[in-house]
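Thanks for coming, everyone. I would like to walk through one chain today, going from single residues out to helices and then to the domains, so please keep the structure in view while I talk.

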Amino acid sequence: MTVFEHYAQVYDLIYAVKDYKAEAFFISHRLRFYREDAQSLLEVGCGSGRHSRYFEEQNWQVLGIDQSADMLKAALKNTNGNLSFIHADMRTLNLRQNPIGSNVFNESATSLHPQAKFDAIAAPFHVFSYQVSNVAILEFLKSATLHMRPNGLLYIDFWLAEAVLAQKPEKRVLEVENKDLKVRRHATPIHEPAHNRVRVCYDFEIFDKNSQSVRRFSEEHPMRYFSVPEIELILKLNGFALLEVAEFMSQKTPSENTWNVYAVARLQS
Ligand SMILES: C[S@@+](CC[C@H](N)C(=O)[O-])C[C@H]1O[C@@H](n2cnc3c(N)ncnc32)[C@H](O)[C@@H]1O
């Protein structure tokens with residue numbers, strides 16, 4: 001099963017209390033700290049578009065891309081069809097060669113971004129950790145360089161190795177509900193330290209309150225974790241200079257207590 005296929009149907013319920021507005025404000029603020037006039041934003045792994053609408057509120061011209069068509073369907077609903085989304089994998093994206101295709105969810109997408117080059121690229125909420133293999137990481141960053149204006153800014157966030165190794169991934173159960181559904185998500189991690197990877201096996205149980213039926217499905221999400229020197233090196237070897245790295249939102253110094261770390265980097269001309 002594809003990652004974020006069935007998950008997409010309950011994704012927003014799972015993250016109902018996540019403060020997307022504050023997060024989008026934070027990311028926007030960190031990017032504009034380095035480039036006040038930055039306007040065009042390629043949002044990679046935009047998922048259900050809940051950051052996208054707040055980026056737009058902060059005067060970014062947003063183009064969202066995601067490899068999951070199911071997540072993009074939710075994004076279209078969440079943004080009332082006002083924003084532009086493309087169904088694509090960042091690793092193979094080439095907006096210069098294929099500016100319009102059947103995978104465009106909103107035709108206005110490409111008229112907004114005729115040059116297919118952006119002031120900034122942001123991949124919020126662990127999208128970079130979904131690039132598990134070395135090849136995927138290199139393709140992702142190569143694509144970022146192709147879609148950036150000179151001195152463009154890159155925002156990524158990722159699982160921090162120091163924290164993963166100290167805290168150790170654990171089994172977790174999450175329960176959420178709304179008036180129609182009750183969702184139980186079991187997360188069982190399989191830690192593979194030789195690969196800097198955790199395979200998170202999600203088992204979902206969805207109880208439909210109206211039909212009184214239960215649906216079950218499973219998805220495996222392999223996640224890569226990174227150390228700060230590794231991120232700095234990966235970025236440098238792919239043409240980016242690291243500008244800052246810190247805990248997401250709090251900006252604390254990365255440590256074994258900071259699982260979720262972000263980095264901002266600048267494309268070197
Ligand atoms: C944890 S979700 C985050 C979604 C959204 N950014 C949010 O904050 O809710 C990760 C998303 O990244 C997408 N993704 C992962 N790798 C990708 C890639 N190489 N290209 C495009 N989308 C990708 C997944 O399909 C998924 O929607």
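Asn151 lies in strand S5, and in this predicted model it has a positive phi of about 65 degrees although it is not a glycine. As background, most residues other than glycine have a negative phi. Is Asn151 buried, partly exposed or exposed? With 14 C-beta neighbours inside 10 Å, Asn151 counts as partly exposed.

There is a second residue to put beside it, namely Lys168, whose phi is near 65 degrees, again a positive value in a residue other than glycine. Lys168 is found in the loop between helix H7, residues 161-167, and strand S6, residues 172-177, and because Lys168 has 10 C-beta neighbours inside 10 Å, it counts as exposed.

Let me go back to strand S5, since Leu154 also lies there. Leu154 is buried, with 28 other C-beta atoms within 10 Å, where the cut-off for buried is 20 or more. If we leave out residues up to four places away in sequence, Leu154 touches Ile121, Ala144, Phe240 and Ala265. Leu154 and Leu141 are 13 residues apart along the chain, and their C-alpha atoms are separated by 9.5 Å.

From Leu154 we can step across to Arg266, which is 112 residues away along the chain, although the two C-alpha atoms are separated by 6.2 Å. Arg266 is found in strand S11, which covers residues 260-267. Why does this arginine count as buried? It does so because Arg266 has 20 C-beta neighbours inside 10 Å, and the cut-off is 20 or more. With residues up to four places away in sequence again not counted, Arg266 touches Tyr34, Asn151, Leu153, Phe240, Ala241 and Leu243. Asn151, the residue I began with, is thus one of the contacts of Arg266, and Phe240 appears both in the list for Arg266 and in the list for Leu154.

Turning now to the helices, I will take H2 and then H6. Helix H2 runs over residues 20-34 and has 15 residues, and from its first C-alpha to its last it reaches 22 Å, close to the 21 Å expected at 1.5 Å a residue. The buried residues of H2 are Tyr20, Ala24, Ile27, Ser28, Arg30 and Leu31. Seen down the axis of H2, these buried residues fall within an arc of 160 degrees, so they line one face of the helix. The face of H2 turned away from this buried side carries the exposed residues Ala22 and His29. What do the buried residues of H2 pack against? They pack against helix H3, residues 52-57, and against S4, S5 and S11.

Helix H6, residues 134-146, has 13 residues and reaches 19 Å from its first C-alpha to its last, close to the 18 Å expected at 1.5 Å a residue. Its buried residues are Phe140, Leu141, Ser143 and Ala144. They cover an arc of only 155 degrees around the axis, which puts them on the same side of H6, while Asn134 and Val135 are exposed on the other side. What covers the buried residues of H6 includes strand S4, residues 118-123, and strand S5, residues 148-160. One such contact we have already met, in that Leu154 touches Ala144.

Now to the chain as a whole. Its domain assignment gives domain 1, made of 8-160 and 227-267, and domain 2, made of 163-224. The C-alpha centres of domain 1 and domain 2 lie 24 Å apart, and the contact takes 15 residues from domain 1 and 16 residues from domain 2. On the domain 1 side, the elements that give two or more residues are helix H1, residues 8-14, and S5, and H1 gives the most, with three residues. By class, the residues on this side of domain 1 divide into nine nonpolar, five polar and one charged.

I will end with the ligand. Of the 22 residues around it, Gly45, Gly47, Ser68, Met90 and Phe125 come nearest. By class, the shell around the ligand has 11 nonpolar, seven polar and four charged residues.

Key. Residues are numbered from 1 along each chain as its sequence is written. This is a predicted model: local features need pLDDT of at least 70, side-chain atom pairs count only at pLDDT 80 or more; totals for chains, interfaces and linings use all residues. Helices (H or I, at least four residues) and strands (E, at least two) are DSSP runs, numbered from the N terminus. The expected span of a helix is 1.5 Å times one less than its number of residues. A residue is buried if 20 or more other C-beta atoms lie within 10 Å of its own, exposed if 12 or fewer, and partly exposed in between; C-beta atoms are placed from the backbone. The arc is that of the directions from the helix axis to the C-beta atoms. Two residues are in contact if their C-beta atoms, placed from the backbone, lie within 7 Å. Domain bounds come from an automatic or database domain assignment. Ala, Val, Leu, Ile, Met, Phe, Trp, Tyr, Cys and Pro count as nonpolar, Asp, Glu, Lys and Arg as charged, and the others, Gly among them, as polar. A residue is near a molecule or strand if its C-beta atom, placed from the backbone, lies within 6 Å of it.
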